[in-house]
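Here's a quick tour of a protein fold, written for someone new to reading structures. Have a look at the chain first, then work through the points below.

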Amino acid sequence: MFGIHFNSFEFKNYFVQRIGKSTIIWRMIEFLQGISYILNYFLFYKFPLLKKKTSITEINIEFVSYCNLRCKLCSLDHTKTKIRISPAILKHFFENLLSDKRFRSVKTIHLYNAGEVLLHPKLKEMLDIIKHYKQQAAEQGIHFPLIALLTNATILDDENSKILIESSVLDHIRFSMDGGNKEKFEEMRERAKWDSFVKNVSHFCALNKLSQKPIQTGIITLVEYKNKLDTEWMSEEFKFLLHTVDGYELRYAHNWGGDVEIEELKNKKGYKVGCSLLMHQLVLLPNGDITVCCADLNSKGVIGNITRETLFEIYMKPQRLEMLNNFIKGQKKKIDLCKNCETF
């Protein structure tokens with residue numbers, strides 16, 4: 001397999017949850033991230049023989065640009081234009097993706113970014129489109145990425161649950177459940193109601209278990225820095241729901257490219273070279289724009305549009321190559337999108 005994919009954000013959290021945030025271990029992880037970035041940079045962008053594949057392993061598809069919640073640790077600008085992805089753009093993306101062998105490197109497609117996926121009024125139609133290309137790839141013996149979805153579950157009612165389960169499209173679904181108890185959940189996830197969330201997730205999991213091919217379920221929980229990344233201090237009902245799904249991940253918040261002020265990150269000193277998100281990700285926005293990173297919730301890093309250029313042309317855009325090169329040279333401050341990000 002070409003390249004090294006070092007999912008640093010999840011890797012860090014794995015260690016923190018198990019052995020604590022040791023400075024020495026943290027620096028070792030940062031060092032390994034840097035080595036991974038440098039190797040991938042030369043493998044994919046300097047050696048012509050390896051241009052048969054791209055460095056992209058994940059692509060996010062944003063179904064809608066807006067959300068029904070106002071989470072305190074989210075950077076989404078709720079005043080920006082509300083856009084929904086069209087069937088035409090989604091079809092165009094998958095035609096391009098599957099026809100270009102260089103993107104067989106993509107392991108996962110995430111059906112989310114800034115907006116809440118389930119707000120798309122034609123959710124079933126969008127999933128049917130993906131199902132068509134998934135079946136087409138299987139018939140042709142073409143690799144098709146895993147499909148993952150993240151939702152706030154506020155409108156995950158019976159109808160939407162059945163649409164997701166019966167679509168036969170999703171491989172993974174995760175629910176955002178922050179805080180550690182009912183009160184902190186509703187404080188951090190403004191407009192969300194704990195009782196409705198519990199009801200929706202529990203109902204989905206019950207239906208999912210009865211399906212012929214259950215979707216793997218999970219929960220992502222943001223934890224305040226004052227708490228440990230464990231469940232000992234959490235309420236019993238919170239812990240019960242964590243164990244209702246197949247797995248969960250506890251995280252500390254990041255600063256979304258510097259757009260969210262987090263006191264604990266103000267004086268954080270970075271040690272690593274590069275960024276795994278920039279190296280391994282692209283994000284398709286509802287209007288066909290492509291941005292370079294899932295931390296870019298407000299389209300500051302757009303480098304092209306899938307309706308006017310191919311995915312590979314966008315991948316090789318001079319703006320993106322310059323960003324990658326600046327990280328190699330330790331000149332992150334030259335990149336407007338990245339300069340205030342604590343990076344992964």
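Glu 58 in strand E1 sits across from Thr 108 in E2, and three bridges tie these two parallel strands together. To get from E1 to E2, the chain passes through helix H3, making a right-handed β-α-β crossover. Keep in mind that this is a predicted model.

**Strand E1 and its neighbours**

- E1 has a second partner too: E7 pairs with E1 in the parallel sense, over four bridges.
- In that pairing, Asn 60 faces Val 283 of E7.
- Is E1 covered on one face or on both? Both. Glu 58 and Asn 60 are buried on one side, and Ile 59 and Ile 61 are buried on the other.

**The sheet as a whole**

- Nine strands make up an open sheet with mixed pairing, and their order is E6-E5-E4-E3-E2-E1-E7-E8-E9.
- Why do E6 (247-252) and E9 (302-305) each have one side without a neighbour in the sheet? They stand at the edges and each has a single partner strand, so nothing in the sheet pairs with the other side.
- From one strand to the next, the twist averages 25 degrees.
- Over by E9, things run antiparallel: E8 (residues 289-291) is joined to E9 by three bridges.
- Within that pair, Asp 289 is opposite Asn 305 of E9.

**Helices on the sheet**

- Helix H3 (residues 87-99) packs on the sheet, where it touches E1 (58-61), E2 (108-110) and E7 (281-284).
- The direction of H3 makes about 170 degrees with that of E1.
- Another helix, H7 (residues 194-210), lies across E4 (172-176) and E5 (216-223). H7 runs at about 165 degrees to E4.

**The nonpolar core**

- In soluble globular proteins, nonpolar side chains tend to be buried together.
- Here, the largest nonpolar core has 99 residues. Which of them touch the most other members? They are Ile 61, Phe 94, Leu 111, Leu 164 and Phe 175.
- Helix H4 (residues 123-140) gives the largest share of this core, with seven residues.
- Ile 61 is a good one to click on: leaving out residues up to four places away in sequence, its contacts include Ile 85, Leu 90, Phe 93 and Phe 94. Ile 109, His 110, Leu 111, Tyr 112 and Leu 284 are also touched by Ile 61.

**A lysine to look up**

- Lys 239 belongs to helix H8 (residues 236-242).
- Is Lys 239 buried or exposed? Its relative accessible area is 18%, and buried means under 20%, so Lys 239 counts as buried.
- Setting aside neighbours within four places in sequence, Lys 239 is in contact with Thr 231, Glu 232 and Met 234.
- Gly 180 is 59 residues away from Lys 239 along the chain, yet their C-alpha atoms are separated by 8.0 Å.

**The whole chain in numbers**

- The protein chain has 11 helices and nine strands.
- How many residues does the chain have, and what share of them is buried? There are 344 residues, and 53% count as buried.
- The accessible surface is about 16,400 Å², and carbon and sulfur atoms hold 53% of that surface.
- Among contacts with a separation of 6 or more, 73% are between residues 24 or more positions apart.

Technical notes:
Residues are numbered from 1 along each chain as its sequence is written. This is a predicted model: local features need pLDDT of at least 70, side-chain atom pairs count only at pLDDT 80 or more; totals for chains, interfaces and linings use all residues. Side-chain values use heavy atoms; hydrogens and water are left out. Two strands pair if DSSP finds at least two bridges between them. Axes are lines fitted to C-alpha atoms, for helices over the stretch in contact, and angles run from 0 to 180 degrees between N-to-C directions. Contact means heavy atoms within 4.5 Å. Buried means under 20% relative accessible area, exposed over 50%, partly exposed in between (1.4 Å probe, protein chains only). Accessible areas come from the Shrake-Rupley method with a 1.4 Å probe; for residues, only the protein chains shown count as cover. A nonpolar core is a set of buried Ala, Val, Leu, Ile, Met, Phe, Trp, Tyr and Cys residues joined through side-chain atoms within 4.5 Å. A crossover is right-handed if, with the strands pointing away from the viewer, the path from the first strand over the helix to the second runs clockwise.
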